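This report describes the fold of a single chain, moving from strand pairing to the surroundings of individual residues. Please keep the sequence and the model in view while reading.

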Amino acid sequence: MAINKQHLEFFPVDMGTEGWHVPAGYPEGIEQKILAGALDEDAKSGNRTRLLRFAPGVFTTKPFVHDYWEEVYLVSGDLTVGNDENGKGGESFSPNTYACRPPGAYHGPFKSEQGCVLLEIHYYDED
């Protein structure tokens, strides 16, 4: 797999408000910060590393599916997977848990009672 990311040495990551935004299709209260790389979903190319954070009480209502690989590490907080459209039910996970999903895998919906931060790596297969 060809990786095209900028060489970055250790640098402080602003966990405040700078550089965070709600990804397309996500509800308010879920924000991402791109750390490195870029993913072009139209051209089906690229890779990115991002932080994704949930504010307390936020949840999604439908499963997600995408055509790229996704690796997810729960850094802090709580994450529940498989809640219903009202945010009820599902299986709760604590920090230091990990998921690796191939393209086409349905996953979610998601919620966080206390809020959480996820480290995610997304990439397309090499043709």
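Which residue of β7 does V81 stand opposite? In this predicted model, the residue of β7 that faces V81 is F110. The strands concerned are β4, which covers residues 79-81, and β7, and the two run antiparallel and are joined by two bridges. They belong to an open sheet of three strands, in which the order is β5-β4-β7 and the pairing is antiparallel. At the edges of this sheet stand β5 (91-93) and β7, each of which pairs on one side only.

**The chain as a whole**

The chain has eight strands and zero helices, so that, read along the sequence, its pattern is β-β-β-β-β-β-β-β. Its radius of gyration is 15 Å, close to the 14 Å that the globule rule gives for 127 residues, and the chain is therefore as compact as a globular protein of that length. Taken along the principal axes, the box filled by the C-alpha atoms is roughly 40 × 35 × 25 Å. Of the 127 residues, 33% count as buried, while the accessible surface comes to about 7600 Å², with 54% of that surface belonging to carbon and sulfur atoms. Among the contacts with a separation of 6 or more, 69% are accounted for by residues 24 or more positions apart.

**The five-stranded sheet**

A second sheet, also described as open, has five strands in the order β1-β2-β8-β3-β6, and its pairing is antiparallel. Because β1 (30-40) and β6 (97-101) stand at the edges with a single partner strand each, one side of each is left without a neighbour in the sheet. From one strand to the next, the twist averages 15°.

The table sets out three of the strand pairs in this sheet, with the bridges that join them and one example of residues that stand opposite each other.

| Strand pair | Bridges | Example of facing residues |
|---|---|---|
| β1 and β2 (residues 45-54), antiparallel | 10 bridges | Q32 and L52 |
| β2 and β8, antiparallel | eight bridges | L52 and L118 |
| β3 (residues 69-77) and β8 (residues 116-123), antiparallel | eight bridges | V72 and E120 |

L52 of β2 can thus be followed across the sheet, since it stands opposite Q32 and also opposite L118 in β8. Strand β2 itself is mostly covered, with eight of its 10 residues buried. A further facing pair between β1 and β2 is formed by D40 and S45. In the hairpin of these two strands, four residues lie between the strands, and K44 takes a positive phi near 55°.

**A36 in an edge strand**

A36 has its place in strand β1, which is one of the edge strands of the five-stranded sheet. Is A36 buried or exposed? A36 has a relative accessibility of 16%, and because buried means under 20%, this residue counts as buried. Leaving aside residues up to four places away in sequence, A36 touches K5, L8, N47, R48 and T49. H21, by contrast, is 15 residues apart from A36 along the chain, and the C-alpha atoms of the two are separated by 15 Å.

**H107 in a loop**

H107 is found in the loop between β6 and β7 (110-111). Although this residue is placed in a loop, H107 is buried, with a relative accessible area of 8%. What does H107 touch, not counting residues up to four places away in sequence? Its contacts on that basis are P63, F64, V65, H66, E70 and R101. In addition, a polar atom of the side chain of H107 lies 2.8 Å from the backbone oxygen of A105.

Key:
Residues are numbered from 1 along each chain as its sequence is written. This is a predicted model: local features need pLDDT of at least 70, side-chain atom pairs count only at pLDDT 80 or more; totals for chains, interfaces and linings use all residues. Side-chain values use heavy atoms; hydrogens and water are left out. Two strands pair if DSSP finds at least two bridges between them. Axes are lines fitted to C-alpha atoms, for helices over the stretch in contact, and angles run from 0 to 180 degrees between N-to-C directions. Buried means under 20% relative accessible area, exposed over 50%, partly exposed in between (1.4 Å probe, protein chains only). A polar contact is a pair of N or O atoms within 3.5 Å; within protein, one must be able to donate a hydrogen and the other to accept it, and residues adjacent in sequence count only if both atoms are side-chain atoms. Contact means heavy atoms within 4.5 Å. The radius of gyration is taken over C-alpha atoms; the globule rule is 2.2 Å times the number of residues to the power 0.38. Accessible areas come from the Shrake-Rupley method with a 1.4 Å probe; for residues, only the protein chains shown count as cover.
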